[in-house]
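Colleague: Before I use this model, could you show me how to read its local features one at a time?

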Amino acid sequence: MKKYVLIVAGGKGLRMGGEQPKQFLPLKGRPVLMHTLEQFYRSDVAMEIILVLPHEQQNYWKQLCEEHHFTIKHRVADGGESRFHSVKNGLSLIETPSIVGVHDGVRPFVSVDVIDRCYELALTKEAVVPVVDVVDTVRHITNNGSETVDRSAYKLVQTPQVFNADLLLKGYEQPYSSAFTDDASVVEAMGVKVALTPGNRENIKLTTPFDLKVAEALL
């Protein structure tokens, strides 16, 4: 079955403390976003990559691709006012039947093994999310203070989140809700159960200057 990935990169980089959007920040001499696209190309050279990027950033991205001789084939869709609307715009470029993943553009360290497993499971499970264990102690804030909770009952969610394309398209026909924090929450709103699979701990989301230091070390 045909595979797609929507790589969503709409960040403004405010928590990075600079003017440049975080998806364009240099990592070992090349923009973060190029590292991310390469991981999906390594997983399957036939996978169709759709980069969802704010319209005003697209010329700059094209310029970066020329400067770095970046030739991995991909299409570009306009970002929306929220992540929900950005994914919806990207989905307008796909055809069914197919399997489609949605990935954060600033997660360049997702492993090929995780990508492969998510797409393989989605053939039968229809909705698959990679997760990792919580390793820190977790406290729940209550009206009377706080309390420790059983961390084994919780998981940290990563991307790519991978779905049967018809299912995800149906999910994004729903009206936007602030409860939609990721793609899994969109399909869950229709009563669909989401399957979990192990992610890789290096698959961090680059959000702060500290994350960039970690990223340089990982490379």
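Modeller: Start with the labels: helices (H or I, at least four residues) and strands (E, at least two) are DSSP runs, numbered from the N terminus. Under that scheme, Pro160 sits in the loop between β10 (155-157) and β11. Keep in mind that this is a predicted model.

Colleague: What is the geometry of the peptide bond from Thr159 to Pro160?

Modeller: In general, most peptide bonds are trans. The bond joining Thr159 to Pro160 is cis, and its omega is near 15 degrees. The bond from Thr96 to Pro97 is also cis, with omega near 5 degrees. Pro97 too is a loop residue, located between α3 (83-91) and β6.

Colleague: Now the backbone angle phi. Where does Lys28 lie, and what is its phi?

Modeller: The general expectation is a negative phi for most residues other than glycine. Lys28 is not a glycine, yet its phi is positive, about 55 degrees. Its position is the loop between β2 (26-27) and β3. With a relative accessible area of 55%, Lys28 is exposed, the cut-off for that class being over 50%.

Colleague: Which residue with a positive phi follows α4?

Modeller: Glu126 comes after α4, and its phi is near 75 degrees. Glu126 belongs to the loop between α4 and β7. Its relative accessibility is 36%, so Glu126 counts as partly exposed. Helix α2 is likewise followed by a residue of positive phi, His69, at a value near 55 degrees.

Colleague: Let us turn to the helices. How do I check the length of α4 against its number of residues?

Modeller: Allow 1.5 Å a residue, counting one less than the number of residues. Helix α4 covers residues 112-125, which is 14 residues, and should therefore span 20 Å. The C-alpha atoms at its ends are 19 Å apart, in agreement with that figure.

Colleague: And which residues of α4 are buried?

Modeller: First the general idea: an α-helix has 3.6 residues a turn, so residues three or four places apart point the same way. In α4 the buried residues are Val114, Ile115, Cys118, Tyr119 and Ala122. They take up an arc of only 130 degrees around the axis, and therefore lie on the same side of α4. Asp113, Glu120 and Thr124 are exposed, on the face turned away from that buried side.

Colleague: What covers the buried residues of α4?

Modeller: The cover includes β1 (2-8), α1 (32-43) and β6 (98-104). Also included are β7 (127-133), β11 (161-164) and β12 (195-198).

Colleague: How does the same reading go for α2, and which of its residues are buried?

Modeller: Helix α2 runs over residues 58-67, with Gln58, Trp61, Leu64 and Cys65 buried. Viewed down the axis of α2, these fall within an arc of 115 degrees, so they line one face of the helix. Asn59 and Glu66 are exposed on the face turned away from the buried side. The buried residues of α2 pack against β3 (30-31), α1, β4 (48-53) and β5 (75-78).

Colleague: For a single helix residue, take Ser86. Is Ser86 buried or exposed, and what does it touch?

Modeller: Buried means under 20% relative accessible area. Ser86, in helix α3, has 6% and is therefore buried. Leaving out residues up to four places away in sequence, Ser86 touches Val8, Val52, Gly79 and Gly80.

Colleague: How far apart in space are Lys193 and Ala127?

Modeller: Sequence separation and spatial separation have to be read side by side. Lys193 and Ala127 are 66 residues apart in sequence, while their C-alpha atoms are 7.3 Å apart. Lys193 is in the loop between α6 (183-188) and β12, and it counts as exposed, at 74% relative accessibility. Glu188, in helix α6, is 61 residues from Ala127 along the chain, with 9.3 Å between the C-alpha atoms. Glu188 is partly exposed, at 45% relative accessible area.

Colleague: Last, the pockets. Which residues line the second largest pocket?

Modeller: A pocket is read by its volume and its lining. The second largest pocket has a volume of about 180 Å³. Its lining consists of Arg107, Val132, Leu156, Val157, Gln158, Arg201, Asn203, Ile204 and Lys205. Sorted by class, that lining has 4 nonpolar, 2 polar and 3 charged residues.

Methods: Residues numbered from 1 in each chain as written. Predicted model: local features only at pLDDT ≥ 70, side-chain atom pairs only at ≥ 80, totals over all residues. Heavy atoms only, no water. 1 Å grid on protein atoms, 1.4 Å probe; cavity = no way out; pocket = protein on both sides within 12 Å on 5 of 7 lines; lining within 4 Å. Points joined across faces, edges and corners; volume = space filled by probe spheres on them. Nonpolar A, V, L, I, M, F, W, Y, C, P; charged D, E, K, R; others polar. Buried < 20%, exposed > 50% of the residue type's maximum accessible area, 1.4 Å probe, protein only. Arc of directions from axis to C-beta. Contact = heavy atoms within 4.5 Å.
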